[in-house]
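User: Hi! Could you walk me through this model, one question at a time?

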Amino acid sequence: MRYLPLTSHDRESMLATIGAAKIDDLFVDVPEAARLGGPIDGLPMHASELSVERHMTKLARQNLVAGEVPFFLGCGAYRHHVPASVDHLIQRGEFLTAYTPYQPEIAQGTLQMLFEFQTQVARLLGTDAANASMYDGSTACWEAIGMARRITKRGKAILSSGLHPHYVSVAKTMAKYTGDALETSLPTLSAETDIEALIAAIDGDTSCVVVQYPDILGRIADLTPLADACHAQKALLIAVVTEPVALGAIRSPGEMDADIVVGEGQSLGVGLQFGGPYVGLMGCKDKYIRQMPGRFCGETVDADGKRGFVLTLSTREQHIRREKATSNICTNSGLCALAFSIHMTLLGEAGLRRLSGINHAQACRAAERLAKVPGVRVVNDTFFNEFTIDLRKEARPIVRTLADRGVLAGVSLGRLYPGEESLANGLVVAVTETVTQEDIEALATALEEVLA
Amino acid sequence: MTINQSGWKPTSPTAKDGGAPATFTGNRALMLEEPLIFEIGDLHTTGVDFPDGDVAGSRLGDLTRKDPIGLAGLSEPETVRHYTRLSRQNYAIDLGLFPLGSCTMKHNPRLNERMARLPGFADIHPLQPVDTVQGALGVINELAHWLITLTGMHGVAMSPKAGAHGELCGILCIKAALEKRGEGHRKVVLVPESAHGTNPATAAFAGFTVEDIPATPDGRVDTVALEARLGPDVAAVMITNPNTCGLFERDLKRISDAVHAAGGYVYCDGANFNAIVGKVRPGDLGVDAMHINLHKTFSTPHGGGGPGSGPVVLSEALSPFGPLPFTARHVNGHIQLVEEETAGDDHPDTFGRMTAFQGQMGMFTRALTYILSHGADGLRQVAEDAVLNANYVLRSLEDTLDAPFAASGPCMHEAIFSDAGLAEGFSTIDVAKALIDEGFHPMTMYFPLVVHGAMLVEPTETESKAALDQFIGALRSVAERAKAGDQSLKTAPHFAPRARLDETLAARKPVLVWKEKPLAVAAE
């Protein structure tokens, strides 16, 4: 077998060194009744690279590839062009096949990268600090709610109706066990966000308000009044960013005084990958860092006085604190964080701003064009690269019909909010730099035909 | 304007190594110092070309960004060089033996990488209509079938994003099952002292009280103490098998039977499944839930700390409570994704959703590729070779290093040593740091906690005998120096990109982001 270097001669001589007659003598502690006598029945035997490649390729061909059709899906995962050097660099064995940097003297590559990542993330989100990444945006979101509970010692979280419903769903799952009370509500197909309703709902029991920016329908609202209202009641404002490219064009939540900002970093470097692995972004104000879950990389010096980096503040973490840890989290999303960081370095300030400008301009063109389709109403006044249209009939079957015609039209709100009639006609359309004028025209034309 | 107001200056090289001359750059041939991107980049440089054209935005409300973000940009050549230079400061499996116990640092086949990058897997959106992603759902189902069959379990939850997330999934299934039975009052989870820290952290998160179970002197769970503690308040036992001392818990079936008789569930930490895959099925030992680290047993790359992937196999008793979404194959061969919408009919007892989408698809494709490459016969050989390699290390070094459980019988996939017998003032860290100078990544240090100065060595099955012999020779040499009190070990590593780093300083005055130096300092 190509991945196993031992020869049968090696095995014999090693068994002799050990003093065992046969390999099963090393498995004597496995109860004999449970020990398997040979390969498990009904499973295939080993296979060559070529035959495995054939099998996997066959499966891959059963999927409709986003890049091969006009493609408008977003809602928490966005298709952006990733420069070729990103994937090349993350496949360097020294990054790909390294472990968590527990031995910092021989892990400065990973550690310095994480320090740069933390700095990029903090600047992008507008926070004082950021951690070395979380599993994804949705898990970062509920970790932030837990963090707010620990900081405020209060148990009521108010979730905006504009928060991604899967993020709400994850938070609801976890709240059942942590005892947090969550106030949730459904969005409406209107241009108005629920900022005013959120402000009215804050009281002295509120630990935090969780608001998505831009929200699930693509709308953007100034968070400053909400932050002020939270702070007046000593509650925290948690902002959730599922599309970090937006922050090249609009003010960051941190600038608007959000206390904790979490995000999904998949847009940069990582790709769609059918939902994972992704990379959760998490930043906060300096005063809260000791309540933050996950890993931190920090700057220090070595015994010769040279600058170096280490994992730090680990007294919050499970391997030290065990049942008293801030989170059970152990792994971060290191390689995805690296991909994010390399892509961000390639873009730089100028590139990110240009990229976000192109996204917004292209989304504006798409919104204008779709507004001209009879039967279509553009719901949003404000948006970045994603907006919602009201088709005045159920959107979900239309999305399926358009997929059959080779257009992936967007995410129907019926998929995200099954059974909610008030939202069933909504279609969320994302328009990134990968969308061409021809793609927009293809979508508009297909909608015209289907809605006619 | 550049971000680097102060100008980057390399750290002055020290004249050590017997007075080797200092260099102008601070570099030493292939050992290249690399500044931070913020010290070499600026706000204007970009390594990406964009089409020309008007990008005037009109729908951003009054929220258009006005102030700079402060992101440093580099051109493409500079970017490639920056990260290539950084990469060379890392140790990695590709460079050599990486015997980090409990972490299973095995070879990462590149075929897995190639398959994960097929556009049919890499470039599909999690919310595409399910008709358009049948191949992706097919990968999930096929991998699920392997995991269920290899473990002898009833079902599997695929969405957990990492091992600890998988633990949480299993514990939440147990919680939901207890509540369904009207026994939500069971509040205690028993965890052996030798467990990974994630076990108690997970149980505590789910609202359970954690109680330690002692270990016997031979390194296994104290079955008598455990059985004595069982009762109507015990929800579950979390056991790692093979355990973190590298030993198989030979009484696991008896423990499971006792736990079940007392109304509790058995959670098995499957971090060490690599030792037994194809040799024994945890389902046959009475396990109710076990996470599988795809990044350990099934060779998906560790990537410098993730992403992981932690599917959880479940017994028949716990399967109904598993999380959403999951894939279900319908009779016509069409694979359905069960989400909140249809959960009421298909999966009414689910405890809910753990993450936004279907889980770590990119890891599923890699793991399935690896599994298909090995097949049922190859995976069995994986376990046998992993155990053989660990026992070879154990028996080759037990004359030099204290091996506290050497008399407990064969070890499984990892060999454990202690710092007993080292000279006064010398500890595991000194051995570990000296191994760095020998060109190896150190073993796991000071874990598990039940062994003083633990050194946990997991060679894995992808090491050749020659590589093991070199490692054994190096560890013996270092151990002998530590026993003799060789002071040079205290300052090791001597040949790494950095000497020992001041972790106390880092924690006392946390510097977590780069900040511009004040201009006054820059002028010096």
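Analyst: Happy to. Two strands pair if DSSP finds at least two bridges between them, and helices (H or I, at least four residues) and strands (E, at least two) are DSSP runs numbered from the N terminus. This is a predicted model, where local features need pLDDT of at least 70, side-chain atom pairs count only at pLDDT 80 or more, and totals for chains, interfaces and linings use all residues. Residues are numbered from 1 along each chain as its sequence is written, while chains are lettered from A and ligands numbered from 1 in the order in which they are written.

User: In β9(B), which residue is the bridge partner of B:R329?

Analyst: Strands β8 (residues 326-329) and β9 (residues 335-338) of chain B pair in the antiparallel sense over four bridges. They form a hairpin with five residues between them, and B:G333 in that turn has a positive phi of about 90 degrees. Across the hairpin, the β9(B) residue bridged to B:R329 is B:I335.

User: Which strands stand at the edges of the open sheet of three strands in chain B?

Analyst: The order of this sheet is β10-β12-β11 (chain B), with antiparallel pairing. Each edge strand has a single partner strand, so one side of each is left without a neighbour in the sheet; the edges are β10 (415-417) and β11 (444-445) of chain B.

User: And in β12(B), what is the bridge partner of B:M445?

Analyst: β11(B) pairs with strand β12 (residues 455-457) of chain B in the antiparallel sense, over two bridges. In β12(B), the partner of B:M445 is B:M455.

User: Moving to chain A, which residue of β13(A) is the bridge partner of A:I389?

Analyst: Four strands form an open antiparallel sheet in the order β10-β11-β13-β12 (chain A). The edge strands, β10 (377-378) and β12 (411-412) of chain A, each pair on one side only. Between strands β11 (residues 386-390) and β13 (residues 426-430) of chain A there are five bridges in the antiparallel sense. Opposite A:I389 in β13(A) sits its bridge partner, A:L427.

User: Which element gives the most to the side of domain 1 of chain A that touches domain 2 of chain A?

Analyst: The domain bounds, from an automatic or database domain assignment, are 69-81 + 348-451 for domain 1 and 84-343 for domain 2 of chain A. Counting residues as in contact if their C-beta atoms, placed from the backbone, lie within 7 Å, 31 residues of domain 1 of chain A touch 27 residues of domain 2 of chain A. On the domain 1 side, α11, β11 and β13 of chain A each supply at least two residues. The most, seven residues, come from α11(A).

User: How many of the 16 residues of α6(A) are buried?

Analyst: The expected span of a helix is 1.5 Å times one less than its number of residues, so helix α6 (residues 137-152) of chain A should span 22 Å, and its end C-alpha atoms are indeed 22 Å apart. Just after α6(A), A:K153 takes a positive phi of about 55 degrees. A residue is buried if 20 or more other C-beta atoms lie within 10 Å of its own, exposed if 12 or fewer, and partly exposed in between, with C-beta atoms placed from the backbone. By that rule α6(A) is mostly covered, and the number of its residues that are buried is 14.

User: Last one: which helix of chain B gives the most to the side that touches chain A?

Analyst: Between the chains, 178 residues of chain B are in contact with 165 residues of chain A. With 22 residues on the chain B side, the leading contributor is helix α11 (residues 361-397) of chain B.

Conventions: Two residues are in contact if their C-beta atoms, placed from the backbone, lie within 7 Å.
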